[in-house]
Amino acid sequence: MSDEPQPQQPHKGWAPRKPPAAAAPKGPGHTGRRRLLPVRRMLLGGLLLTAALVGGGFLLGYHLVGIPAANALATQQANVYLYTDGSVIARDGEVNRENVTLSQISKDAQHAVLAAEDRDFYTESAVDPQAMVRAAWNTATGKGKQSGSTITQQYVKNYYLRQEQTITRKVKEFFIAIKLDREQTKEQILEGYLNTSFFGRGAYGIQAAAHAYYGIDASDLDAGRAAYLAALVNAPSQYDVVTHPENRDTVERRWNYVLDGMVDEGWLSASERAALTFPVPRQTTISTSMSGQRGYIVNIVKDHLVRNDIVDEAALDTGGYRITTTLHKNKQDAFVDAVNDKLMDRLDKKNREVDTYVRAGGASIDVRTGKVVAMYNGIDYVKQYTPNATRRDFQVGSSFKPFVLTAAVEHDSRTQDGRPITPNTVYDGTSERPVQGWPGDRYAPENEDHRDYGDITVREATDKSVNAVYAQMAADVGPDRVRRTAVDLGLSPDTPSLDDAGPSIALGVATASVLDMAEAYATLANHGRHTAPTLVEKITRNGRDIRLPERRTRQAVTRQAADTTTSVLRGVVESGTATAAQTAGRPAAGKTGTAEEDTAAWFAGYTPDLATVVAVMGQDPVTAGHKPLYGAMGLPRVNGGGAPAEIWGQYTREALRGTPVAAFTLRLQPGAWRTQPPPGDSGTGPSPTGAPDGSGGGASRTPDRTETDDESTGRDEPEPPQGRTGGGTTGGDTEDDGATTTDDTGDGDANGDDSPVPDGLTDALTRNGPRD
């Protein structure tokens, strides 16, 4: 068989195919035009159908897609806290954003963003398909990267939608942008866009960005800085030349593109453009986190706003508040430096366990306005959360004694044998002398180091902080009157251990805060006029002022009561337990104090300008329990005349640097400097009024509570000449005090303050309440 293929046999029914017939010639009616008519009709119909579908889809989409509520991220803002000079203290909140109005954004900043993102913004519609094509072409040909979406579309994405790249999101963006363009003006849309765009460094919105990169407000952005921020919107994480210096060339090309666009649009002159150099952003900006003093300040100011019904807590949580505090940056820094220099730098926490217990608190108030100008709360908020300026759990010690003297003068109080209480009144200063005229349990407080002073004037007893004298004086005045006077001066009526303390109230068993004490001492410094302290100078939200409570001043105690106390407290600084405070170099008055078992040491003092209180406290860092400070800083004990007075002196000197030295102008109680003979037996005589409750003798004068000075009560009585005289009295101020500055530190015992509840105190004293 041959290997060649064999022919196939035809199957049944097969027949050969006939050749095709010749084509008939075309007639005159069968032209090409006639054949194209159906095709054109089909194309036209298709186009009409497509247009109908597109139009219907557009109408359907426009009807179905509404403008939604803003997304959560877009509405979140930080609250910004500022010093009085406008510098930022801190920002709180999860999102670093501070919304501003368009008028608060410089024209250069507005034009730079338009040049970078949408140069035809004011003339184009909300959606511009040509812009998308143009952007793609510019990117492909290297002419500069430009967003394919209009600013309106980008704002819709930022404010109403999420950032995911999906067709659904783009469709929604398209329709919302069209609707938004009909409901809002171009200015409103641009403002919203500038407040919602992300600029890197955690900054949302151009105001936060201006601070993050240049430390200025958006209103202060010039063309160069504005062009850099506008360039960032394109690629925030890559265009920060500080964190990515390798991208500097790319960023500068983008920066030049923005500036050239500003020139092309007539927003920047060519000469101004030529003079610009690339504005490298700051390597580091001022920290606005909660570290250092910032976290304390933020929380204290928040509490102040809520407690005074200025802004409620829920509103604060939404953010957006710009809060200008009363704090002065230079004074705040001076307080921190003083604490570090006089206390923290002297600690040796590695070799002395007691040094790990040391805490400090401080507050400073402008005497005339009641504004808190500085606070010290702890070494670092992120390490020690409790604010030491506002806590109320440490005894104030003998820094409470001036309130007893003020109450005595205020109420014309008398001793048990009927003598008026003045700075020259003589008391028995014997340690553990039982208090007379007190109907309660026996009370016989010890003086520091069990020292007996015998007959001693009130002034000298104040200088040396004699417990026996002041406990008796509290009984003579009446503990309830002393309490009311302390509250009138500024202590909170809710101060722990202030009620039912009996004569021990004079020794400072109450646990007022440092800020409370500064408020009370400021009232003494202001001649008895009390102004509630404030921490807020101004507060706005979205450019709108929030109303602050009206500030009022009242005459808490008579001027004579306050000024007489001031005249006595000057001696404490001049030659008493607080000579270390003389480093302030100004006329000063004040009082030291030490809590039971040396758990806290205080100095509360004032000049005619500032009232400042400093406390050093002992607290276990693990258990938070109060701890004695014996041995801290390598010293046997820590008293108010030591570190607290030294801190006060340095801070006051720096805080008032450049301020003219002011002198005390005092109006004293009648007979304040009249010498009194020693009592025959001042400790055993009956109360002249026979008051069984120990409320004290003598007529009680109703204090003048008006807002005017108590100038008409009594007569002016000048103090004797400056300098010590016999009998333990101290020279003081005349009505026109001519005191001058001095840097004499004196040679007094800086640690000579008392311990109000020393070891070995009688059981009767322990029944007056807790001591720690």
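The largest pocket holds about 800 Å³ of space. The model is predicted. The lining of this pocket counts 33 residues. Nearest the pocket centre lie His304, Arg307, Asn308, Pro533 and Thr534. Four elements each give two or more residues to the lining: helix 12 (294-307), helix 19, strand 10 and strand 11 (536-541). Helix 12 supplies the largest share, with five residues. The lining is mixed in class. It has 12 nonpolar, 11 polar and 10 charged residues.

Now turn to closed space. A probe the size of a water molecule, rolled over the atoms, shows where empty space is left. The structure has two cavities of 30 Å³ or more. The volume of the largest cavity is about 60 Å³. Which residues line the largest cavity? The list begins with Ile365, Val367 and Gly370. Glu519, Ala522, Thr523 and Asn526 also belong to it. Arg529, His530, Thr531 and Pro533 complete the lining. Helix 19 (514-525) and strand 10 (529-531) are the elements that give two or more residues here. By class, the cavity lining splits into four nonpolar, five polar and two charged residues. Pro533 appears in the cavity lining, and Pro533 is also among the residues nearest the centre of the largest pocket. Helix 19 and strand 10 likewise contribute to the pocket lining.

Helix 19 leads on to helix packing. Two packed helices are described by the angle between their axes and the distance between the axes. Take helix 15 (residues 401-410) against helix 19. Their axes come within 11 Å and cross at roughly 40 degrees. That angle makes helix 15 oblique to helix 19. The crossing is left-handed. From helix 15, the contact uses Pro402, Phe403 and Thr406. From helix 19, it uses Met517, Ala520, Tyr521 and Leu524. This contact has six nonpolar residues, one polar residue and no charged residues.

Helix 15 has another partner, helix 20 (residues 559-575). How do the axes of helix 15 and helix 20 cross, and what is the angle? They come within 8 Å and cross at roughly 140 degrees. Helix 15 is therefore oblique to helix 20. This crossing is right-handed. On the helix 15 side, Pro402, Leu405, Thr406, Val409 and Glu410 make the contact. On the helix 20 side, the residues are Gln560, Ala561, Thr564, Thr565, Val568 and Leu569. The classes here are six nonpolar, four polar and one charged. Pro402 and Thr406 of helix 15 take part in the contact with helix 19 and in the contact with helix 20.

One further pair lies earlier in the chain: helix 8 (residues 206-214) and helix 9 (residues 223-232). Their axes come within 11 Å and cross at roughly 110 degrees. Helix 8 and helix 9 are therefore roughly perpendicular to each other. Helix 8 passes helix 9 with a right-handed crossing. Helix 8 brings Ile206, Ala209, Ala210, Tyr213 and Tyr214 to the contact. Helix 9 brings Arg225, Tyr228, Leu229 and Leu232. Eight of the contact residues are nonpolar, none is polar and one is charged.

Key: Residues are numbered from 1 along each chain as its sequence is written. This is a predicted model: local features need pLDDT of at least 70, side-chain atom pairs count only at pLDDT 80 or more; totals for chains, interfaces and linings use all residues. Side-chain values use heavy atoms; hydrogens and water are left out. On a 1 Å grid over the protein atoms alone, a cavity is a set of points where a 1.4 Å probe fits but cannot get out, and a pocket is an open set with protein on both sides within 12 Å along at least five of seven lines; lining residues have an atom within 4 Å of a point. Grid points are joined across faces, edges and corners, and a volume is the space filled by probe spheres set on the points. Ala, Val, Leu, Ile, Met, Phe, Trp, Tyr, Cys and Pro count as nonpolar, Asp, Glu, Lys and Arg as charged, and the others, Gly among them, as polar. Axes are lines fitted to C-alpha atoms, for helices over the stretch in contact, and angles run from 0 to 180 degrees between N-to-C directions. Angles under 35 degrees count as roughly parallel, over 145 as roughly antiparallel, 65 to 115 as roughly perpendicular and the rest as oblique. A crossing is left-handed if the near helix is turned anticlockwise from the far one by less than a right angle, and right-handed if clockwise. Contact means heavy atoms within 4.5 Å.
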